[in-house]
Amino acid sequence: MAVNTYSDISPRTNAAASKKLLKRGQDMLTTERFGHFDPQGQNKTTSRKWRRYESLSPATTALTEGTTPTGSSISYTDYTATLEQYGDWVEISDVIADTHEDPVLMEMSEVCGEQAAETIELLRIAVLTAGTNVYYADGAANRAAVDSPPTRGDFRKIYRQFKRNKAKEISKIIKASVKISTEPVNMAYFAMGHTDLDSDIRNLTGFISVENYSNTDKALPFEIGKIEQIRIILTNLFDPWEEAGATGTDHLSGGVAVDPAAAADVYPLVVVAQDSYGIVPLQGFNAVKVNVMNPGKVSKSDPLGQTGFVSWKTYQASVILNQSWIARLECCATANPA
């Protein structure tokens, strides 16, 4: 099925469909906001490179009069990832019309935007949860021994380790916009995890909910509050390792409350600092290519021209840039919260 430059619709309609898809997608993304980003432009290779410059050692040796010091050398580490292509399409019937106001085209664009966001989010989560800097709730020895929800002490251990390794708090995030841009946020580290952990986190001593922030307008989408210097954002896409924890607990197992003889599900809480991971963002007019073919195109496969399609396609890549600036806390979720 052949489509023209504007995917069988006018440039204005195509731009509106793309904007609708991007908006629906960006509103759902969590990992998008905190990554060090490298937008995908046109006519570039499928290789993406992020560069991290290392800190210089303190110059603690006193200068000698008339003698120029040796000086220091800048060092850096390059991280490379290969862009992969992802996409899908949905069929539309002959009820669609080539107008901006047509609800079918706009609805399909929104549905595809949601699918694109979930696809990209799951791909990034897989990278982030494969990091090597791991903590187990309440001091468990390994994943199989995890039998506790997250504790205040777990967050404090991660905070201490971040500070020791000079991990900077995040002070700006990627803005949910078609244009490539950032926006400021109150400085903090951010933890991302599953909504099943909501009640356990809210029960922690020292938890402050977003309703009690001095300025609630500063809360991000899906943010529930903070534990001291770590802000918490929960979505339902950070899936647990089912029945991977200890037995004999009263925590969720297989996603439900069952006989405590079953092993507990283990949930990842990923805590991130500034520039801890790199992404290709879902931003810019080249981020996603939207194609639309109106019904009415007669072909051998559709002799009456009754069907068309809406499709999306994107290139994506992500990589951890510093294992010491990202931590994974593995924990359980209480089956029957008080």
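Here is a short walk through the chain, from its overall make-up to one sheet and then to its salt bridges. Keep in mind as you look that this is a predicted model.

Let's start with the whole chain. Its secondary structure consists of 5 helices and 16 strands. The chain has 338 residues, and 46% of them count as buried. The accessible surface is about 17,100 Å², with carbon and sulfur atoms contributing 49% of that area. The contact pattern is worth a look too: among contacts with a separation of 6 or more, 74% join residues that are 24 or more positions apart.

Now turn to one of the sheets. This open sheet has 3 strands in the order 4-14-13, and the pairing is antiparallel. Strand 4 (84-93) and strand 13 (289-293) form its edges, each pairing on one side only. On average, neighbouring strands here are turned by 15° against each other, direction ignored. If you zoom in on strand 13 and strand 14 (residues 307-316), you will find them paired in the antiparallel sense over 5 bridges. A handy place to find your bearings is Val 292, whose bridge partner in strand 14 is Val 310.

From backbone pairing we can move on to charged side chains. Side chains of opposite charge can pair when their charged atoms come close. Across the whole structure, a search finds 10 salt bridges.

Take Glu 32 and Arg 124, whose side chains meet in a salt bridge at 2.7 Å, N to O. Glu 32 belongs to helix 2 (residues 31-34) and Arg 124 to helix 3 (residues 103-128), so this pair ties together parts that are 92 residues apart in sequence. Both Glu 32 and Arg 124 are buried.

Next, look at Arg 156 and Glu 228, which form a salt bridge with their closest N and O atoms 2.6 Å apart. This pair also links distant parts of the chain, 72 residues apart: Arg 156 sits in helix 4 (residues 152-164), while Glu 228 is in the loop between strand 9 (223-227) and strand 10 (230-235). Are these two residues buried or partly exposed? Arg 156 has a relative accessible area of 43%, so it counts as partly exposed. Glu 228 is partly exposed as well, at 27% relative accessibility.

Two further examples round off the tour. Arg 231 forms a salt bridge with Glu 223, with the closest N and O atoms 2.7 Å apart, and both Arg 231 and Glu 223 are buried. Finally, Lys 49, Arg 51 and Asp 78 are linked in a network of salt bridges.

Terms used
Residues numbered from 1 in each chain as written. Predicted model: local features only at pLDDT ≥ 70, side-chain atom pairs only at ≥ 80, totals over all residues. Heavy atoms only, no water. Helix = DSSP H or I, 4+ residues; strand = E, 2+ residues; numbered from the N terminus. Buried < 20%, exposed > 50% of the residue type's maximum accessible area, 1.4 Å probe, protein only. Contact = heavy atoms within 4.5 Å. Areas by Shrake-Rupley, 256 points an atom, 1.4 Å probe, with all protein chains shown as cover. Pairing = 2+ DSSP bridges. Axes fitted to C-alpha atoms, helices over the stretch in contact; angles between N-to-C directions. Salt bridge = Lys/Arg side-chain N within 4 Å of Asp/Glu carboxyl O.
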